[in-house]
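Biologist: Please take a close look at one part of this model for me, a single helix and its surroundings, and then set that part beside whatever else can be said with care about the chains.

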Amino acid sequence: MSAKHGRTAFAALLLAAVLGAAPAIAADLRIGLQEDPDMLDPHEARTFVGRIVFNALCDKLVDSNDKLEIVPRIATSWNFSADGKTLTMKIREGVKFHDGTTLDAAAVKANIDRARTLATSLRKSELGSVAKVEAPDPTTVVFTLNAPDAPLLAQLSDRAGMLLSPASFDKPVAPNPVCSGPYKFVERVQNDRIVLTRFKDYYDADKYTVDNVTFRIIPDSTVRLANLRSGQLDMIERLAPSDIKAAKADPKLNVVSIAGLGYQGITINLGNGERAKTPLGMDKRVRQAFSLSLDRDAINQVVFEGVMAPSAQPFPPASPYHDKNFPTPKRDVAKAKELLKAAGAEKVSFEMLVANSTQEQQLAQVIQAMASEVGIDVKIKSTEFATIFKVQMAGDFQSTLLQWSGRVDPDGNVHQFMTTGGSVNDPKFSNAEVDKALNTARGVYDVAERQKLYAAAEKITREELPIIYLFHRAWTWAIDKKVTGFEPNPDGMIRLAGVKVN
Amino acid sequence: MWSLILNRILVAVPTLLLVTLFVFALQRLLPGDPLLTMAGEERDPAVLEHLRHLYGFDRPLPVQFVIWLREVAAGNFGASLRTGEPVLKLIGQTLPVTVQLATASILIAMLIGIPMGVLSAVRKGSWVDYLANIISLTGLSIPHFWLGIILILVVSVELQWLPASGYASVFDDPVRALQTTIMPAFVLGSGLAATLMRHTRSAMLEVLGLDYIRTARAKGLLPRAVILKHAFRNALVPIVTLSTLLFGQLLAGAVLTEQVFTIPGFGKLIVDAVFNRDYGVVQGVVLCTAIAFIGLNLFADVLYILTNPRMRS
């Protein structure tokens, strides 16, 4: 063979190698995440995507279902004492951690204590009501509380109730987390992937047929969808509204969505420093006019392809606390103008902080256009996400377009925002009746009674409007049709029980 | 040559110190707070206070800088505030990825750019020259991220020929490395090829107009020998320097391409760290980039001497 022919043959081989070989193995599931999770230690972690990984990796005491009810996981049953200050849980028998050690009541106690005391724990406030935890026998855990705490079970259905092997506490947990979930940790490459493999000794192993799970981090939503369509991924989370059409048009894909737990709203500075002293901050009629100038349905259609759930309350549609007596207001330009006139402020102008992502900017521009029609001039101030909280805490804002990711328990969607001195009450809203209702609701376990308290608080906050609620964000997944059995949950997590790759 | 190398190393120390001081100051001037990002949506004040103390952010800035310098001098670059991974491990994970991508890009750029530049210089004013100019202008004008997304949509989504994303080391899995590197390297290389083509063309034109080329032609040498042996060798000097500098730029400048093709590279590490205000990672990465740049500059000078005998004295 001449040199020339040799070269041609080599080039052909190379080409064949490059073009051939599409990697696809049967029982593997590759999930595209929008961001890179932070610490893989449930006690130190803070990101939403981290929780998606934890749901495959770690087991928790209880879980929440699509109706936001608390259901058993490691705790098979539980009850509160008559005074509401003792929670007793029965722990499932025969459960093992990934390192082979036994998950018993003592291990649960060790985890709750670590979450409460570890220097870098972010779970301390979630478990703030817990005075002590005891494990009188291997299947019983007793929580003693400082005061009745209705949101506690919901906290235990998330990171605060996740269980690590106490044998792994000596070394840093995040680089090599050892849990008891259906999948165990294999490897992580920061900003690229996290790989898990099936844990054969999982107590409920029959429900999990996928052998290996790879989470791949792909921040750009268009690129994430392209990877799904080209077969590099089997499933992606948070499909961008602008990509929904393309995904639905692809015969190989299913698009699944569900209204989430959180909300998007406009936070208004009412009493935090000098910048609160505007007609907007001082007169509730101006805020009401602003709210009435917005057409929530149109916003949903124009910016979000109609997938969000328009609303004017903090609790999502799935929650038993979502109150039908508080309908979403229709746009009313005439009434808005009337309110402005009554407030003696026919021309109002204020600044709105907006995170500098494309979608938030679009949303802000639509709000700006709608408000201008009633005589409200919204000045959009684009701000990097990392600075918004700081600016807001310092009171250097008039209004902010911001979202809250939402919590299973209603307390987590209102208490810290609306009570006097609440940790994220940056508008410095303060109302004695609201404080009383929300503080009381924390200690009440009966749903009907709690509903009344939240309704009482909401009646006032709807009038005062420290936050103008716009809609509940929806979680949207695009899934390859060969993957079946995925059940969406309002918390936006991916639960792999029953998921099959055909 | 050795005195040049020694000289450069001596100058490098104050340069590096200045660069790190500059980056340190610049970062702290940026609005935003890494701890607020870390403390999560709840922003519990007690947690914030605790973290501030734990990471030493409650100390005066000069003290923080000196502590950081002392740790770096001892070989401790610190850990990521976001994930707790050591900075050196992160750099070790991402730098080879980008070096592989940058090497492939430069090779593609040279394979396209240099022959095109030589051809258009030799055939100046002909249709070959015009075509080369059009190609190079197009290459310079097309934004990388756009070309990247179009390639993904056509080659990966429609034709399903190549994976849309990912990375494999050429030492672990050469086939997959080729599959995953070829598109991003082409995207980066096409832009660089244009730059290289323009420089090769002008360097060649300059050399081709010199007296010794006329002499060589007059001697009756074949045109091929005149162009490749006599002209090209001398035109190569600025091209080599340029290629090395372009390579240096790629280390931190491939960010957009890395984002589009989801390559866990060095540029992506820096951008993510800046957005998260991950101070330790930003400082460590900038220090490494500065060292690499100084090294590459030195390398370019050495190459210059090797390709140009007149500089060897």
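Modeller: This is a predicted model, and the part I would choose is helix α8 of chain A, which spans residues 284-292. The helix is mostly covered, since 7 of its 9 residues are buried, and those residues are Val286(A), Arg287(A), Gln288(A), Ala289(A), Phe290(A), Ser291(A) and Leu292(A). At the N-terminal end of α8(A), Asp283(A) acts as a cap, with a side-chain oxygen placed 2.9 Å from the backbone nitrogen of Arg285(A).

The neighbour to consider is helix α10 of chain A, residues 333-342, whose axis comes within 8 Å of the axis of α8(A), the two crossing at roughly 165°. Angles over 145 degrees count as roughly antiparallel, and α8(A) and α10(A) are therefore roughly antiparallel to each other. The crossing of α8(A) past α10(A) is left-handed. On the α8(A) side the contact is made by Arg285(A), Val286(A), Gln288(A), Ala289(A) and Leu292(A), while α10(A) contributes Lys335(A), Ala336(A), Leu339(A), Leu340(A) and Ala342(A). Of the contacting residues on α8(A), Val286(A), Gln288(A), Ala289(A) and Leu292(A) also appear among the buried ones. As general background, an α-helix has 3.6 residues a turn, so residues three or four places apart point the same way.

Elsewhere in chain A, a disulfide joins Cys58(A) to Cys179(A), with an S to S distance of 2.0 Å, and the structure holds 1 disulfide over all chains. This pair links distant parts of the chain, 121 residues apart: Cys58(A) sits in the loop between α2 (48-57) and β2 (62-64), and Cys179(A) in the loop between α4 (152-156) and β10 (183-189). The torsion about the S-S bond is about 45°, so the disulfide of Cys58(A) and Cys179(A) is right-handed. Cys58(A) counts as buried at 1% relative accessibility, and Cys179(A) is buried as well, with a relative accessible area of 0%.

In chain B, two residues other than glycine deserve a look for their backbone. Gln160(B) has a positive phi, near 55°, and lies in the loop between α7 (144-158) and α8 (174-208) of chain B, where a relative accessible area of 37% makes Gln160(B) partly exposed. Thr262(B) also has a positive phi, near 50°, and is found in the loop between α11 (255-260) and α12 (266-275) of chain B, but Thr262(B) counts as buried, at 1% relative accessibility.

Terms used: Residues numbered from 1 in each chain as written. Chains lettered and ligands numbered in written order. Predicted model: local features only at pLDDT ≥ 70, side-chain atom pairs only at ≥ 80, totals over all residues. Heavy atoms only, no water. Disulfide = S-S within 2.5 Å. Helix = DSSP H or I, 4+ residues; strand = E, 2+ residues; numbered from the N terminus. Buried < 20%, exposed > 50% of the residue type's maximum accessible area, 1.4 Å probe, protein only. Polar contact = N/O pair within 3.5 Å; in protein donor to acceptor, adjacent residues only side chain to side chain. Axes fitted to C-alpha atoms, helices over the stretch in contact; angles between N-to-C directions. Parallel < 35°, antiparallel > 145°, perpendicular 65-115°, else oblique. Left-handed = near helix turned anticlockwise from the far one by under 90°. Contact = heavy atoms within 4.5 Å.
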